[in-house]
Amino acid sequence: MAFLKKKKSAAEEPKVLPQHIGIIMDGNGRWAKKRMLPRSAGHSAGAKVFRTIARYCSDIGIKYLTVYAFSTENWRRPQQEIDALMKLFKEYLNEALRDFQDDSIVVKFIGDKSGFSDEIRALMEETEDGSKDRDGMVLNIAMNYGSRDEIVRAVKKISQGVKKGEIDIDSINEDLVNDNLYTAGQPDPDLIIRPSGEYRISNFMLWQSAYTEFVIMNKLWPDFTKEDLDEAIDIFNNRNRRFGGV
Ligand code: IPE
Ligand code: IPE
Ligand code: MG
């Protein structure tokens with residue numbers, strides 16, 4: 001009826017873009033299994049999706065994207081799978097990451113690089129060096145990343161500072177801990193998306209996600225689309241973030 005004032009729907013409200021999105025790229029193995037393919041085929045398919053989604057995030061104006069590609073615990077997998085993953089990393093470091101040049105994406109690797117071969121480590125450093133002066137989205141690729149490991153590393157660095165007399169114990173605060181994480185200088189993730197339907201964090205950004213909104217999606221990562229990312233951002237927009245307030 002003409003007289004009825006239409007209630008503004010959520011869709012009409014201006015959408016708030018998360019500044020920092022984290023994605024736990026999970027479900028590659030199950031995707032391959034469903035197709036009777038080797039797990040490595042799932043990882044290849046997942047890597048393609050990573051490329052599409054990273055570029056999409058940059059296009060829509062996301063400032064920071066952190067993708068979980070390989071955890072400190074993933075070394076527990078069969079050697080055959082590790083070998084396939086290392087081969088894939090090498091291919092990607094050689095080719096795909098160069099693509100991001102057009103998008104002015106800054107690539108950073110978070111995690112313990114010393115776990116990788118000299119060849120892979122050199123490629124990682126080359127990629128970081130080659131992109132550090134760009135001004136676009138920061139893409140953190142978490143490789144051999146474990147948040148507990150990250151926190152232990154920060155504790156060691158701070159302790160060394162105390163031992164050398166450079167840091168006063170009373171000056172240790174949350175900012176100092178932040179400054180000693182791999183993500184130093186970056187905002188905390190506003191939204192973490194986990195495809196594949198698992199309700200757990202699997203050692204990802206434990207410190208940084210204190211007030212992050214989690215969105216669990218049932219799609220396996222190789223099936224994840226730009227529309228799924230839009231949907232996660234919509235869900236995020238319907239959350240009421242309180243940060244401990246009212
Ligand atoms: C994520 O997919 C990729 C890595 C952990 C390297 P998975 O390989 O964990 O796939 P699922 O969980 O077994 O399906
Ligand atoms: C988390 O997935 C790590 C990555 C996606 C890289 P996992 O497959 O390793 O996690 P769990 O073992 O199911 O907790
Ligand atoms: Mg998994």
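Helix 1 (28-34) and helix 2 (39-60) each supply at least two residues of the shell around ligand 1, where a shell residue has a heavy atom within 4 Å of the molecule. Helices (H or I, at least four residues) and strands (E, at least two) are DSSP runs, numbered from the N terminus. This is a predicted model, in which local features need pLDDT of at least 70 and side-chain atom pairs count only at pLDDT 80 or more, while totals for chains, interfaces and linings use all residues. Residues are numbered from 1 along each chain as its sequence is written, chains are lettered from A and ligands numbered from 1 in the order in which they are written, and side-chain values use heavy atoms, with hydrogens and water left out.

**Ligand 1**

- The shell around ligand 1 includes Met25, Asp26, Gly27, Asn28, Gly29 and Arg30, along with Arg39, His43, Ala69, Asn74, Arg77 and Glu81.
- Helix 1 gives the largest share of this shell, 3 residues.
- By class, the shell of ligand 1 holds 2 nonpolar, 5 polar and 5 charged residues; Ala, Val, Leu, Ile, Met, Phe, Trp, Tyr, Cys and Pro count as nonpolar, Asp, Glu, Lys and Arg as charged, and the others, Gly among them, as polar.
- Polar contacts here are pairs of N or O atoms within 3.5 Å.
- One of them joins an oxygen atom of ligand 1 to a polar side-chain atom of Asp26 at 2.9 Å.
- Backbone atoms also take part: an N or O atom of Gly27 lies 3.4 Å from an oxygen atom of ligand 1, and a polar backbone atom of Asn28 is 3.1 Å from an oxygen atom of ligand 1.
- Ligand 1 exposes 380 Å² when taken alone, and the protein buries 87% of that (Shrake-Rupley method, 1.4 Å probe).

**Ligand 2**

- Ligand 2 is surrounded by Ile24, Met25, Asp26, Tyr68, Ala69, Phe70, Asn74, Arg77, Arg194, Arg200 and Ser202.
- Strand 2 (residues 64-71) contributes the largest share of that shell, 3 residues.
- The shell of ligand 2 divides into 5 nonpolar, 2 polar and 4 charged residues.
- Side-chain N or O atoms approach oxygen atoms of ligand 2 at 3.2 Å for Asp26 and at 2.9 Å for Asn74.
- For Ser202, a polar side-chain atom is 2.7 Å from an oxygen atom of ligand 2.
- On its own ligand 2 exposes 390 Å², of which the protein buries 78%.

**Overall fold and dimensions**

- The protein has 8 helices and 6 strands.
- Along the sequence these follow the pattern β-α-α-β-α-α-β-α-β-α-α-β-β-α.
- The C-alpha atoms fill a box of roughly 75 × 55 × 35 Å, taken along the principal axes.
- The radius of gyration is 20 Å, which agrees with the value near 18 Å for a compact globule of 246 residues; the radius is taken over C-alpha atoms, and the globule rule is 2.2 Å times the number of residues to the power 0.38.

Technical notes
A polar contact is a pair of N or O atoms within 3.5 Å; within protein, one must be able to donate a hydrogen and the other to accept it, and residues adjacent in sequence count only if both atoms are side-chain atoms.
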